[in-house]
Amino acid sequence: MITLKTDKGDIRIELFEAEAPITCANFKKYVRDGFYKNTIFHRVIPGFMIQGGGFDTSFTQKPAGSPIKNEAANQISNKRGTIAMARTSVVDSATCQFFINLVDNDFLDFKAPTPQHYGYCVFGKVVSGMEAVDAIAAVETGRRGMHQDVPVENVVILDAVEE
């Protein structure tokens, strides 16, 4: 169990360690190393997802570790309240950034072992704190440099702890 302590409330996450062992071990290492402390949710799209874990409160991207294998073929669907790894268009490019699905986003699921159909690995689900997730989803957003959908006021992950 991981708790993201945010300035909008705590978000408790149950990890799917049997279904996504590489992803869960990677996420837990970032948690244990204190990487997520004082990072922000830097991308908020109502009706889609909230994304965090990569930028500090001054909107500087933090240096991440090595990319991990994408475990999206575990067939766990991107349903409301699940947490998944963010990545680039490269299938195995996830490092530290994650997102929490605000709605069922089945189009993000694994469909085939091809770059365009590989999907995004779900590795856990919110077991309490969806009201904090929804509060984050409701913040005002705008542009910041080349980034869109950035909260106008920082939404901070004060700490992330393993229980």
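In this predicted model, the largest cavity is lined by Thr23, Ile68, Lys69, Asn70, Glu71, Met85, Arg87, Val91, Ala94, Gly119, Tyr120 and Cys121. By residue class, this lining divides into 6 nonpolar, 3 polar and 3 charged residues. The volume of the largest cavity is about 50 Å³, and the structure holds 1 cavity of 30 Å³ or more.

The largest pocket contains about 490 Å³ of space. Its lining comprises 24 residues, of which Arg43, Gln51, Ala86, Arg87 and Gln97 are the closest to the centre of the pocket. Arg87 is also one of the residues that line the largest cavity. At least two residues of the pocket lining come from each of strand 3 (39-45), strand 4 (49-56) and strand 9 (147-151). Strand 4 gives the most to this lining, with 4 residues. The lining of the largest pocket divides into 11 nonpolar, 10 polar and 3 charged residues.

The secondary structure consists of 2 helices and 10 strands. Along the sequence, these elements follow the pattern β-β-α-β-β-β-β-β-α-β-β-β. Helix 1 spans residues 21-32, and helix 2 spans residues 130-137. Strand 5 covers residues 82-85; Met85, which falls within that range, is among the residues lining the largest cavity.

The overall dimensions were considered next. For 163 residues, a compact globule would have a radius of gyration near 15 Å, and the 14 Å found for the protein agrees with this expectation. Taken along the principal axes, the box filled by the C-alpha atoms is roughly 40 × 35 × 30 Å. Of the 163 residues in the protein, 51% are buried. The protein exposes about 7,600 Å², and 52% of this area is supplied by carbon and sulfur atoms. Among contacts between residues at least 6 apart in sequence, 69% join residues at least 24 apart.

Two residues in the helices illustrate pairs that are separated along the chain but are brought together in space. Ile136, in helix 2, has a C-alpha atom 6.8 Å from that of Lys8, although the two residues are 128 apart in sequence. Ile136 is classed as buried because its relative accessible area is 0%, under the 20% limit for that class. When residues up to four places away in sequence are not counted, Ile136 touches Thr6, Lys8, Ile11, Phe41, Val44, Ile50 and Val155. Among these partners, Phe41 falls within the range of strand 3, and Ile50 falls within that of strand 4.

Arg32 belongs to helix 1. Arg32 and Val161 are 129 residues apart in sequence, with a C-alpha to C-alpha distance of 7.2 Å. In contrast to the buried Ile136, Arg32 is exposed, with a relative accessible area of 55%; the class follows because this value is over 50%.

The loop between strand 4 and strand 5 contains Phe59, Gln75 and Arg80. Most residues other than glycine have a negative phi. Phe59, however, is not a glycine and has a positive phi of about 65°. Gln75 likewise has a positive phi, near 70°, and is a residue other than glycine. The two residues are assigned to opposite accessibility classes. Phe59 counts as buried because its relative accessibility is 13%, which is under 20%. Gln75 is exposed, with a relative accessible area of 56%.

Arg80, in the loop that holds Phe59 and Gln75, is partly exposed, with a relative accessible area of 40%; this value is neither under 20% nor over 50%, so the intermediate class applies. The C-alpha atoms of Arg80 and Val103 are separated by 4.2 Å, while the two residues are 23 apart along the chain. Leaving aside neighbours within four places in sequence, Arg80 is in contact with Asn101, Leu102, Val103, Asp104, Met130 and Asp134. Of these partners, Met130 and Asp134 fall within the residue range of helix 2, the helix in which Ile136 is found.

Notes. Residues numbered from 1 in each chain as written. Predicted model: local features only at pLDDT ≥ 70, side-chain atom pairs only at ≥ 80, totals over all residues. Heavy atoms only, no water. 1 Å grid on protein atoms, 1.4 Å probe; cavity = no way out; pocket = protein on both sides within 12 Å on 5 of 7 lines; lining within 4 Å. Points joined across faces, edges and corners; volume = space filled by probe spheres on them. Nonpolar A, V, L, I, M, F, W, Y, C, P; charged D, E, K, R; others polar. Rg over C-alpha atoms; globule rule 2.2 N^0.38 Å. Buried < 20%, exposed > 50% of the residue type's maximum accessible area, 1.4 Å probe, protein only. Contact = heavy atoms within 4.5 Å. Areas by Shrake-Rupley, 256 points an atom, 1.4 Å probe, with all protein chains shown as cover.
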